Every structure is written in C-alpha cells, then in structure tokens.
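Me: Please take a close look at one part of this structure, the place where the ligand sits, and then show me how the rest of the chain is arranged around that topic.

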Amino acid sequence: MKKSFASLCLIFIAIALAASPRERLLMNYDWKFAFGHAADVEKDFNVGTSYFTYLAKAGYGDGAASPDFDDRTWRSLNLPHDWAVEAGFAENASHSHGYKAIGPGFPESSVGWYRKNFHLPVEDDDKRIFIEFDGVYRDARVWVNGFYCGNDPSGYTSFSFDVTEYLNFGGNNVIAVRVDASMEEGWFYEGAGIYRHVWLTKTNPLHVPQYGAFVTTEVSDNAAEVTARVKVLNKALEGKTFDIRNQIVAANGNVVASAVMENISLAAMFTDEFTMKFTVDNPMLWDLDTPNLYELHSHVIQNDAVVDTYRTTFGIRTIEWTPDRGFFLNGRHVKIKGSNNHQNHAGVGTAIPDGLHEWRLIQLKYMGNNAYRTAHYPPSPALLEAADRVGMLILNENRLMGTTDEILDHLRRLMIRDRNHPSVVLWSIGNEEWAIEGNERGARMAEYMQAYAKQFDTTRPINAAVSGTWGNGISSVVEVMGYNYLRHGSTDAHYAKYPWQASLGTEEGSTNTTRGIYFDDYDKQYLAAYDRDTPSGFFSIQHGWKHYADRDYLSGMCLWTGFDYRGEPTPFGFPSVVSYFGMMDLCGLPKDNVYYLKSWWTNDPVLHILPHWNWKGREGEPIDVWVYSNHDEVELFVNNRSQGRQKMERNGHLSWQVNYVPGTLRAVGYKNGKRVQVTTVETTGAPSGVALEPHRAELKGDFEDVSVVTVKIVDRKGRVVPDANHQVYFEVSGPAQIIGVGNGDPTSHEPCRFFDEVRTVSFSKWQQMAAFGVNISEAVMPEFFVADWQPAFSDGGLAPGSSSLPTLYRASLHLTENDLKGNLNWMFRSVGNNQSVYVNGHLVGENLDNNQRDFVFKLSGDVVRPGENIVTVVANPFVKVNPWDEVNTNPGAVQVIQAHEKWQRKTFNGLAQIIIQSTGKQGDVVISASSPGLTSVRYVIKTVKAPRRPFLQ
Ligand code: GAL
C-alpha cells in the first residue's frame, strides 16, 4: 500500500489544485413564518386534507406543504428564531415554560410554519444535497418541493435529510417545515421554532458522511498517537474506487502528519470505515487556558482528483476520572467547578447567536467555572464549538432515558455528533429519572445504555445524575456517579459502598436570589441575594462547595445554575416568569454569588462587598454587610470608622452587621498582614443619566457577530444607581440591529423583542358573474347589486376545451381602524388572463401581464377604509389542459404590517441589557439610549470588514 515519494507529491499537487466540491451553506436567511394551528386543520393551512395527500403519494404535499402555496403574506425573518420569546404571558400557561402563552391550551400559538424558497444551480445536479437542522423545538415535519422528508420529534437532537432527488437544479425549490411546540419535553423554558442553525450541504456522491470521522488521541511524553476512523459512503449508482488521504493540520495551517490508503472499492450505496494512525510530535495540548485545536482533513481522491474533503476539528488531550482523586486533564488534577445551564438568554430566548454562546461561556469562566453541564438535553453545536475555543469542559447530557431503539437513537446521534469535541469529557445518560433511579429497573436500564454507548465512544465515561436513593438503582451501576443535591443523602456513605466509582456533584446549590435585592419581598416576588440555605433544605452555594472542596474523591460540583432561565420561577408562581437559581441573572449580569465563587474558584484577587449602600428610609436600621474575598483578613469601615478586622476562613465569607448611615462602606483586604486591596461601595446621588457599556466596541461585519451592551442608570459621578428602575428607549443606526432586550427582573412581562407585526386579512366570499353585457365601471362599484351572482370558482377552473369568457369576481374585505394604521398589500395571484383589478371601484391593476403569476397591490387610505371594502377582478378564467390539472382559484389575501414600537426596557436595579447584531456592512453603529428626565447617551461601535460564512441565498 505504500506510495513512492513521486506519487505522494503528485497527490499533494492534486489536492492543492482541485478544491473539494463539498460546500456547507448556512440556510438561515429569508424564511417566511406564520402560525398554523394545533387543533384546527383549516387554520393549519389545510395540510393533509386533499383527496391524495403527502402520505398517500410522493410529492403530494398540500396546503402550506405545497411548493405552490402562496406564503407572501407571511412574516419574513432570519433564523435562529424562537417564537415563544416573542409571545405574551398568561397565568393559565405552563409554570415550567415561564407562563408563555403557548403549549397546551394555546393551539393558535403553538404551531409555527416556516417556508423558504431557494435556488440551486444546474451544475449541482451531480451532487448529493443535504438539509441539516441543528435543532428545532419541536416535532418538526419537513417537506421539500411538496415531498415529505420526515419527522423528528425531538426538540434537541440534530437531524438531516438527503433531499437530492426532490430538488430542481437550475430552478426554484421550496422547503416547508411545520413545528409543533404543543408538548413539553422539559420542565423549563424550551422556546419554540427553528432556534438553531439550518445548513445546506453539497457533496460528491462519494463522500464522508455527516459525523463520519472520529478522532481519538493518546498522549505519551512528547508525542501523541492520533487515530482517525473515517467513513466513506458511496451514494453513486455504481461502484467506486478511490484513495483516502488524511492530513492533520495544526492551528497555524501546517500539515503535521498525513497518511494515505489507496485503491479502496465501495459498491453502490455501501459505506465502510477506514482507520489510520498518526504520530504528532510535540503536540499542542488542548487545555483550559490553552485550548489548542487541530483539524483532520479527510480527502477522498478519485483519479487523482479530490472529490471530497471533510474537516473534523479535534484536540489532543487526556482525561481521567478516578474514584479517589477526582478528575485529571492532561495528567493534572482539575477540580470540577461547573455550572448547569439551559440554552436561554434575555432578549433572544433559545435563539442564541453563536457570539452570544461564546459570551456566556466567558462570563462563566470569569467566575471560575471550568465545566458546563448541558442540562438536560443535547446542546447546540455552536455551544460546543465555543467551548472548544474558550476552554470549557462539557458534561454532555442526553434528554430521556430509555432502551428502545427510538430512544437510544437520540443518544447515538448525540454521541456521534459530539465525540470529536475536546471540550466534551463526560456523557450523561439521564437526569433525575424518578420512576427508575432508585430501583432495579433503573440499574438495568443504566447498564444497558452504558454498554450501548460504548459502541460510539470508549474515551469518556458515562454519568447519570441521581436525586436521591443513593446506593441503589442507577447509582449502583453508573460509571461516574452524579449527586444531585446533598440534602438527599451522604456522599461519604455512597463512596464507602462503591469505592470503584468516580463521582461529582451534578447539581448543587439550588438557591434563590434576585440581582440587586437585599431584603426578601414576597409580595413583589424578590429574594435577597445573600447566599443562604433554602427553607426547603437546599444547601447554599458556600455550604455545598465546602463539602465538595473538602473531599478528594469528589471530582467537583456543578451549580444549579450559572444563569437564570425562563420558567421554573420557584419558589414563586405567576407573575414571576424566570428562575431565581442563577449565579447571574437572565442577562448574565452578576449576582453577588459570582464573587463568592470567583474568590475561591480563581486566583484573581477578589474583595467584594454586598449589599449596595442606598438605603434611604432605613437609616439607623441594622443591615447585613458581607464580604467575599480570597485575602487572609478583611477590615470593614463605615464612613471611615472601623467595624473590625476579621480572618477569612477558606471557602467562606465574612459578615458584619452595620446600622445604616449614608456614606461609604470600605473593605480593606490583607494578605500576610499586608494591605493588598481596597473596595468601596458608596451611597450614590440621584439618577442623572443613562450610560452604555458594550462588551466589545468593535463588531465583525459578518451578519452574525454580536455585542452585549450593558445599560446603566448613573448618578452625576457616573456611579450606577442600584435601585433605579427607569424606562429606557433605544435606537440603533448603521450596520447593526438590536435583537433583544432584558433586565434580569424575574417578574418583568415587558417584551424582549420588538418586531413588526404581520397579519393576513382574507377576503370573504368570492362571487362571480359573466361580464358579458355588464357595464364594468358600474359593476366594480361597492353598491352594485350582486345578490344574483354565483359562488365563485366552484368548478375549480374551466374544463379542457371550454371557452374562457370575461368574468367578474367580487369579494369583500373587512378592515379595522387598526389595520388602516399599518401597511397594506394585496398579495394577488392571477385567476385568469387579461385581468384588471379594482378596490372600492378604484382601478389598482389594469391589463396585467398574462405571463406573470403574482402581483402586489398596495392598498393606501385613498382606496380602502375601515369596515367593508369591495374588491373586483375582471379576468378570462384559466382553462385546464387536462381534467386533473389544478389552476389557481385563489386571488390571494391582504398582508398588514404594523410597525413596532420603539425598542425599550425598564432598568432593574440600575441595569438592563441590549444585544446588538451585525447586519453585514462596515461602518459606525450609533446606539442611542434615552430616558425621560435623564441625560441620554450615544455610543459608537465600529463594524469592521469580516467574511460572511458561506450561506444559501
Ligand atoms: C432539579 C432538576 C433541575 C431543576 C432543579 C430546580 O431537581 O434536575 O432541572 O429543576 O431541580 O431546583
């Protein structure tokens, strides 16, 4: 099999010359969206109602699943999209989902339809074309050009379809996706819609299939042995012979190792896996602070031409989970300092842009998090890519435990999708499966799933999170024990019983706090931000961490949670809509716990005082002052009077009780007796202005990059006023837009997104009459007598051979005063030839082009009015060529676009957040923020030229 040097050179040249035909195009742009209905077929665009429908005959997608469906009145949007975050709240909606008015009881807002038109060049007709969904919430049904592709019920598992045979090459194509978010999968906010990316991938019929490469590494001294298992699939109709060349490419672009396998043959439709081993000398290891990455380039070569190149990002690192000493990364002990998180952020809901995923990980790293548990479902690929880049360990969790093929298949798909990410260090097969976790069935299921999972990866162990009954059931068999909450039992007793088992706290610290609040207020549903054990027995963050920090056999713990999330507003219900568990609020703005963690989870010097010192009306009252710090001693001063110097206990905090007087709290930190840090908190002046602080003052002009902007209410000296709740209005000009606003108030019902409302107003009752002998200018007038006209279009078009005579069609259109405030467009579709169109007697379209199907008539206040309007079409109706032909008999509907209000949000305890996203070009983005009575602010962010990811028009 070995090649001569000369032929190797030739292959290199070939690789250099012929680019692989593989393309991966982001398919996020220019979709149409409208609500269907979960209970009313007619309102669900009559899908599945035809005599023969899509399950009866291939290509018979009807209603909104048909390529011919007229979706022009629908709203235009880009993905990712979460319609739940745009919805209002309702007290009878789900507590789990944060009382968003969707789900059971809300059939009109629980089904969303997405459609997109796209063009593929004729040159692509020898390729395979795949449409890949990173995640849709949930129960997606997909059609391409009316062909039913399939259904994926999961709200979290990625799925794809090879749609090649359904496509028009050199013509238009339509994809339609019905998304049904009626059912809940989790007990937390899950969003609704196509909330992750969609991709269109083109490959040669002979190619590496999606997730077809698996790279594992073993590190010894100064070298790594890399094993690449690469699948090739031959989707051609005949057998193929080819070579595979695998190259390992370092971050600087250098090829550091390569190997070739030659003369491989695959029969049509067959796939096979090819294993190659490489040595990488002096590998740059992937680690938390140096997340070095490599790529495997797998070239499939046929007749010296590259027909496919598949890239797999991986890292070289070692991991070890030990029962007695915890977790090791690259041979170094790393205590797991993790957090649990849901994919959910202020403003955008679950539709998190890639840049925001990365920003969130960076906030977690700031407080010392080195691990992220993807509670309780397969994460977005973009999150894992960001974790690989920033250096964050991922505990990757499956959604539902089970051992049938269907359920196991979700675990399989999660594992083969994610197993190359160096960030992924643990697979979790389930969380708190109460029906089984403590019993024999649970043990058997866990053992079975564990064995099943080994087919896909033996390099990471299997974990399950267990909420009690430790010592029995799942906890007795799982490779890495996951303790959910110390209140449930003794980890020491469990360890004594199962000394072979590695373990960690998969959830701890289910405490409830509100950012910027220091006195519980049950009426307003705010809870003080002091770290306390809860009345229901959950440990405080400090209480929990001390337990984990003190025991070497415990690998560490994951907080419940890093960020607040919508839903589960425990211990409250409506009107509270957001959880209180986060170390940060829904915006990622820190609560004080962040500084407790930072002081013991990082080596940065920390000296943080809580609460704020604006307690007008509480003068003379005792107030608890706490300090989080990693210094040896701290002295607290109130208006320069010492309140005493105290020794800091490891993993602890300090507290003083102080009678409130306005002025200054000052903490002085000492290390080895030396004063090393001073922090002050001052009583501020009255609110005076608005300030903006973007996390990045430069944005890439790539249509995707985001800047997370903190909005502050400040006093004259620029200090944040910690109890200021002011309505702030935002405007952005230049090449960026606001995509969401938030403020972290768990009880806020203000909108997170402002967008033009798009409605469809349909015509009622079309009637028709032969135009022969009728005075047209009279017949198109509203008052014309039409009682003797026939119902229109009842014959579904004229039979073959009929003569088409001029016909009048008439209908009424009911518009409200409110409709008239918007932009009205009649999205007209031809119902015949030689058409003229009238609205209330006004001619709006004359002698329309017979070769054109679709027209738009703008309906201004000059031609329409509130109440009843009369529209008339004069046309020679279409004649069918064959009796079974279908001709259009629907003259369309009116789209009403109502412009949105100005972007705005109240600050909560002095702060709010807006998220800005690039709209493509270079230039200055001017963000203005104003609040009545306060000085407004303008902030300029630069957008710089940056390549756009390849995308599908
Ligand atoms: C756990 C559960 C989490 C969350 C948390 C709230 O039992 O695993 O998803 O619900 O409780 O305290």
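Reply: What follows starts with the ligand, then turns to the domains, the cores, one helix and one residue.

The model is a predicted one. In it, the residues around the ligand are Trp187, His376, Asn431, Glu432, Asn484, Tyr485, Glu507, Ser510, Trp560, Glu568 and Phe581. Three of these side chains can be described by a distance. Asn431 has a polar side-chain atom 3.1 Å from an oxygen atom of the ligand. For Glu432, the distance from a polar side-chain atom to a ligand oxygen is 2.5 Å. In the side chain of Ser510, an N or O atom lies 2.7 Å from an oxygen atom of the ligand. On its own the ligand has 310 Å² of accessible area, and the protein covers 88% of this.

Next, the chain as a whole. Its division is into domain 1 (5–20 + 208–314), domain 2 (23–203), domain 3 (319–601), domain 4 (615–682), domain 5 (689–755 + 901–945) and domain 6 (762–891). Taken over C-alpha atoms, the centres of domain 4 and domain 5 are 33 Å apart.

Now the nonpolar cores. The largest one holds 81 residues, and Leu361 and Trp613 have the most contacts inside it. Both domain 3 (319–601) and domain 4 (615–682) give at least three residues to this core. Another core, of 48 residues, lies apart from it and includes Cys149, Phe161, Ala192 and Ala375. Leaving out residues up to four places away in sequence, Leu361 touches Tyr372, Leu383, Ala386, Ala387, Val390 and Met392.

Helix 9 (residues 593–601) is mostly covered, with nine of its nine residues buried. Among these buried residues are Lys598 and Asn593, as well as Trp600 and Trp601. The buried residues of the helix pack against strand 22 (336–340), helix 3 (354–366), helix 8 (541–549), strand 29 (554–560), strand 30 (607–610) and strand 31 (622–629).

The last residue to look at is Glu132, which is in strand 5 (residues 128–133). Glu132 counts as buried because its relative accessibility is 5%, and buried means under 20%. The side chain of Glu132 makes a polar contact of 3.1 Å with the side chain of Thr201. Not counting residues up to four places away in sequence, Glu132 touches Arg24, Phe159, Ser160, His197, Val198, Trp199, Thr201 and Gln210.

Conventions: Residues numbered from 1 in each chain as written. Predicted model: local features only at pLDDT ≥ 70, side-chain atom pairs only at ≥ 80, totals over all residues. Heavy atoms only, no water. Domains from an automatic or database assignment. Core = buried A, V, L, I, M, F, W, Y, C linked by side-chain atoms within 4.5 Å. Buried < 20%, exposed > 50% of the residue type's maximum accessible area, 1.4 Å probe, protein only. Contact = heavy atoms within 4.5 Å. Helix = DSSP H or I, 4+ residues; strand = E, 2+ residues; numbered from the N terminus. Polar contact = N/O pair within 3.5 Å; in protein donor to acceptor, adjacent residues only side chain to side chain. Near = heavy atom within 4 Å. Areas by Shrake-Rupley, 256 points an atom, 1.4 Å probe, with all protein chains shown as cover.
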